[in-house]
Amino acid sequence: MKASLAIYDMDRTVTRRATYTPFLVHAALSLAPWRLLLLPAVALTMAAYGLKLIDRGRLKELNYRLLVGRGLPPERLEPVIEAFADKQVAANILPGARRAIAADKAAGRRLVLATASYRLYAAAIARRLGFDDVVATETGLDIAGRIVARIEGSNFYGPAKLDMLLAWMEREGLARDAVHIRFYSDHVSDHHVHRWADEPVAANPHARLKRLALSEGWEVVDWSE
C-alpha cells in the first residue's frame with residue numbers, strides 16, 4: 001500500500017489572508033516600532049517589483065530588512081514568532097481548511113505545509129495546526145548565528161516549489177512512485193505542483209486557477225465557510 005501525502009499551500013489556502021506583510025508589521029511593532037516609519041520605503045520596493053526591477057525573493061529580503069532588521073538572535077525573535085502564530089491560528093484560518101486538515105489526518109495522510117512564506121513563522125503555524133512537515137523559504141544566518149533577511153537557497157515560489165518538494169522527498173527517502181499525493185492551493189503559480197500531484201485540488205482559487213482547474217478536471221473547493 002502506498003504512503004499518502006496531503007500537501008497544503010498556506011496563504012489564502014489555509015489562511016484567509018496573506019501572512020508575510022502582517023508578520024513584518026507585527027515584528028516591527030514588537031521589536032522596534034520606529035521601523036514603521038519605513039513603510040514608504042516598503043511601498044517603493046513593491047513598486048520596483050511591479051515594474052520587474054527586482055524579483056519576488058529580493059522583494060522579501062528587502063522588506064524583511066526594513067521592518068525586522070539586518071540580524072536578530074533567534075531567542076529574541078522566537079517570542080515574536082510564537083505570538084504571531086497564535087494570532088493567525090486564532091483569527092486567520094479558514095474553517096474548511098481546518099476540516100480538511102482534520103480529515104486528512106484522520107485518514108492517515110502525512111500532512112505537509114508547503115509555502116513560499118518564511119519557515120520562521122510558517123513552522124509555528126503548522127505546528128499548531130497539526131502538520132507533520134514544513135517545506136518553506138529559509139532565512140539565512142550570519143557568522144554570529146543571528147537570523148538575517150537573506151534567503152537561504154531559493155524562494156519557494158512557482159516552479160521552485162516543485163523543485164524543493166522533490167528535494168524534500170529525496171531527503172525523506174520518499175520515491176514518487178511509492179506515494180500518493182493530494183495537493184491543495186489557491187493560486188495558479190502552483191500549477192506545476194497541481195499537475196504533478198495525484199489529486200490536485202484548487203482550494204479557494206482565484207480566477208485564473210479556477211479556469212485552469214475546470215479545464216483540467218481538478219476538484220475545486222471553497223473553504224470560506
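**Exercise 1. Place Arg12 and describe its backbone and exposure.**

Arg12 sits in the loop between S1 and H1. Helices (H or I, at least four residues) and strands (E, at least two) are DSSP runs, numbered from the N terminus. The model is predicted: local features need pLDDT of at least 70, side-chain atom pairs count only at pLDDT 80 or more, and totals for chains, interfaces and linings use all residues. Residues are numbered from 1 along each chain as its sequence is written, and side-chain values use heavy atoms, with hydrogens and water left out.

Step 1: take the backbone. Arg12 is not a glycine, yet its phi is positive, about 65°. Most residues other than glycine have a negative phi.

Step 2: take the exposure. Buried means under 20% relative accessible area, exposed over 50%, and partly exposed in between (1.4 Å probe, protein chains only). Arg12 has 45% relative accessibility, so it counts as partly exposed.

Step 3: add Asn204. Its phi is near 50°, again a positive value in a residue other than glycine. Asn204 lies in the loop between strand S7 (199-203) and H9.

**Exercise 2. Describe the surroundings of Thr115.**

Step 1: locate it. Thr115 belongs to strand S3 (residues 110-118).

Step 2: classify it. The relative accessible area of Thr115 is 1%, so it is buried.

Step 3: list contacts, meaning heavy atoms within 4.5 Å. Leaving out residues up to four places away in sequence, Thr115 touches Asp9, Met10, Ala122, Val135, Ala136, Thr137, Phe156 and Lys161.

Step 4: check the side chain. A polar atom of the Thr115 side chain lies 3.0 Å from the backbone nitrogen of Ser117.

**Exercise 3. Find which parts the salt bridges tie together.**

Step 1: apply the rule. A salt bridge is a side-chain nitrogen of Lys or Arg within 4 Å of a carboxyl oxygen of Asp or Glu. The count comes to 16 salt bridges.

Step 2: take Asp9 and Lys161. Their closest N and O atoms are 3.1 Å apart. Asp9 lies in the loop between strand S1 (3-8) and helix H1 (20-31) and Lys161 in helix H7 (residues 159-172), so the pair ties together parts 152 residues apart in sequence. Both Asp9 and Lys161 are buried.

Step 3: take Arg128 and Glu82. This salt bridge has its closest N and O atoms 2.6 Å apart. Arg128 lies in helix H6 (residues 119-129) and Glu82 in helix H4 (residues 74-91), so the pair ties together parts 46 residues apart in sequence. Arg128 is partly exposed at 28%, and Glu82 is partly exposed at 22%.

Step 4: extend the pair. Glu82, Asp86, Arg127 and Arg128 are linked in a network of salt bridges.

**Exercise 4. Trace the aromatic pairs through Phe84.**

Step 1: set the cut-offs. Rings of Phe, Tyr and Trp (its six-membered ring) pair if their centres lie within 6.5 Å; planes under 30 degrees apart count as stacked, over 60 as edge-to-face and the rest as tilted. The structure holds nine aromatic pairs.

Step 2: take Phe23 and Phe84. Their ring centres are 5.3 Å apart and their planes at 70°, so the pair is edge-to-face. Phe23 lies in helix H1 and Phe84 in helix H4, so the pair ties together parts 61 residues apart in sequence.

Step 3: take Phe84 and Tyr121. Here the centres are 5.3 Å apart and the planes at 85°, so this pair is edge-to-face. Phe84 and Tyr121 are both buried.

Definitions and conventions:
A polar contact is a pair of N or O atoms within 3.5 Å; within protein, one must be able to donate a hydrogen and the other to accept it, and residues adjacent in sequence count only if both atoms are side-chain atoms.
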